[in-house]
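Q: Please take a close look at one strand in this model and explain how it sits among its neighbours. I am in my first year, so a plain account would help.

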Amino acid sequence: MTAGAFRSKGKTITALALSVLGVAFAASAAEPVPVASADAPVFGAWRNLQTEVGYAPAQRNLAFAMLPQAATRGDRFAILDREGKRPVCCLQVASPSLGVAALREQYHLPQAWVTDLSNGRSPARPYMPHVYAMQRVDELADYGFADVPGAYSDLGGLLVPEGAALEADGNTLRLGDSHYLLQFQRLPQADDDGALDRYTLQAGEGVAPIVVEVPFGTY
């Protein structure tokens, strides 16, 4: 295992891989996954990555999105600042859909992170996430995140549609006339190999929840 460290918003993260297994939509293990309509809001995951140790010139703060469906260049999403209890706009799609070769050869990501981004660690491989390079625009371009213990929002997390708002309690996401009860869990990985952040959005009783998982594994 290679240990690397980088500075992000005043914090030093050592041996922390910025990795994502992807985005999953599920009602439950016993129920079929519903098919989203074309106009359904899209929720996804994002990660803040860097090139593999030893690559020069080093590239840091590379934002990538993992989406459950295809996007086009210029599509915009807000990120959820969980500690600040607010969405921040925006991450904007800045590339075509990226495959393994592009992630390795164009962005020089470690193979472990390429595997995570392409959901290669999932034995069941329930989906293949659409991976895009993202550009920070508007307020997010120079946004300052909270530098407190356990704060991960500057390293990645939940992507929400542009225009979404978080109510003051931090537990309800509002998008137009729709409201989503937001639940968050941080689960340790086996052998202290990072952690898994799980976001669950529930639109209402009897409606299948939307689940977004964001792993932080070691590299």
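A: A residue is called buried when its relative accessible area is under 20%. The model is a predicted one, and the part to look at is strand 4, which covers residues 44-49. All six of the six residues of strand 4 are buried, so this strand is largely enclosed by the rest of the structure.

Look next at the directions of the side chains. Gly44, Trp46 and Asn48 point one way from strand 4, while Ala45, Arg47 and Leu49 point the other way. Both sets are buried.

Now the neighbours. Strand 4 pairs with strand 5, residues 62-67, in the antiparallel sense, and five bridges join the two. One place to find this pairing is asparagine 48, whose bridge partner in strand 5 is alanine 63. Strand 4 also pairs with strand 9; these two run antiparallel and are joined by four bridges. Here tryptophan 46 stands opposite glycine 157, and alanine 45 stands opposite leucine 158.

These pairings belong to a larger arrangement. Six strands form a closed barrel in the order 4-5-8-7-6-9, with antiparallel pairing. From one strand to the next, the twist averages 45 degrees. Elsewhere in the barrel, strand 7 (residues 86-93) and strand 8 run antiparallel and are joined by three bridges. In that pair, valine 93 stands opposite methionine 134 of strand 8.

Strand 9, the partner of strand 4, deserves its own look. Six of the six residues of strand 9 are buried, so it too is largely enclosed by the rest of the structure. Strand 9 also pairs with strand 6, residues 76-81, in the antiparallel sense over three bridges. Within that pairing, alanine 78 has valine 160 in strand 9 as its bridge partner.

The loop between strand 8 (130-136) and strand 9 (156-161) holds phenylalanine 145. Phenylalanine 145 has a relative accessible area of 14%, and it counts as buried because the cut-off is under 20%. From phenylalanine 145 to leucine 155 is ten residues in sequence, and the distance in space is 9.8 Å, C-alpha to C-alpha.

The next topic is the nonpolar side chains. In soluble globular proteins, nonpolar side chains tend to be buried together. The largest nonpolar core in this model has 19 residues, and those with the most contacts inside it are Phe43, Leu158, Leu173, Leu201 and Val212. Leu158 is the residue that alanine 45 of strand 4 faces. Strand 6, strand 9, strand 11 (172-175), strand 12 (178-188), strand 13 (195-202) and strand 14 (210-216) are the elements that give two or more residues to this core. Its largest share, four residues, comes from strand 14. Another core, of 17 residues, lies apart from it and includes Ala71, Phe77, Val93 and Leu140. Val93 is the residue already met opposite methionine 134.

Finally, the whole chain. The protein chain has two helices and 14 strands. Of its 219 residues, 44% are buried. Among contacts between residues at least 6 apart in sequence, 62% join residues at least 24 apart. The chain exposes about 10500 Å², of which carbon and sulfur atoms supply 51%.

Note on methods. Residues numbered from 1 in each chain as written. Predicted model: local features only at pLDDT ≥ 70, side-chain atom pairs only at ≥ 80, totals over all residues. Heavy atoms only, no water. Buried < 20%, exposed > 50% of the residue type's maximum accessible area, 1.4 Å probe, protein only. Pairing = 2+ DSSP bridges. Contact = heavy atoms within 4.5 Å. Areas by Shrake-Rupley, 256 points an atom, 1.4 Å probe, with all protein chains shown as cover. Axes fitted to C-alpha atoms, helices over the stretch in contact; angles between N-to-C directions. Core = buried A, V, L, I, M, F, W, Y, C linked by side-chain atoms within 4.5 Å.
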